[in-house]
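Here are some short exercises to work through with the structure open beside you. Try each task before you read its solution.

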Amino acid sequence: MSDERPRWSNEVTRTSNALDLEPGVFTWPDPRDIALSLKRSAERSERRRSDPFRSAMSMLSFYVNRAGSRLDPAQRERLETAKDELRALFDRPRRRSRG
């Protein structure tokens, strides 16, 4: 695959049919701000196929999984923390600590 061609995951993130994301949301420094933005996007969307929590969490997980090893470790940790923030915003249990 040529580096000049956009990656399909980037295209999905930018043009999601389910959520209208704020530009650069996954690069923001504050995990709570990321979670709040995803929550707003999911609650406003009339095109999503599942409940707002699942839509928001799916988009966040999709981004983390597709970025893979190219994701800066500090940003990966912020995004994992954003998942916990998202769970808290939707009154869902936080993940169990690892290790």
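**Exercise 1. Find the residues with the most contacts inside the largest nonpolar core, and the helix that gives the most to this core.**

Step 1: A nonpolar core is a set of buried Ala, Val, Leu, Ile, Met, Phe, Trp, Tyr and Cys residues joined through side-chain atoms within 4.5 Å. Buried means under 20% relative accessible area, exposed over 50%, and partly exposed in between (1.4 Å probe, protein chains only).

Step 2: The largest such core holds 21 residues, and Phe26, Ile34, Leu38, Leu60, Leu79 and Leu86 have the most contacts inside it.

Step 3: At least two core residues come from each of α2 (31-44), α3 (52-67) and α4 (73-89). With eight residues, α3 gives the most. Helices here are DSSP runs (H or I, at least four residues), numbered from the N terminus.

This is a predicted model: local features need pLDDT of at least 70, side-chain atom pairs count only at pLDDT 80 or more, and totals for chains, interfaces and linings use all residues. Residues are numbered from 1 along each chain as its sequence is written, and side-chain values use heavy atoms, leaving out hydrogens and water.

**Exercise 2. Classify the aromatic pairs.**

Step 1: Rings of Phe, Tyr and Trp (its six-membered ring) pair if their centres lie within 6.5 Å; planes under 30 degrees apart count as stacked, over 60 as edge-to-face and the rest as tilted. This rule gives two aromatic pairs.

Step 2: Phenylalanine 26 and tyrosine 63 have ring centres 4.3 Å apart and planes at 10°, so they are stacked.

Step 3: Phenylalanine 53 and phenylalanine 90 have centres 5.5 Å apart and planes at 65°, so this pair is edge-to-face. Both phenylalanine 53 and phenylalanine 90 are buried.
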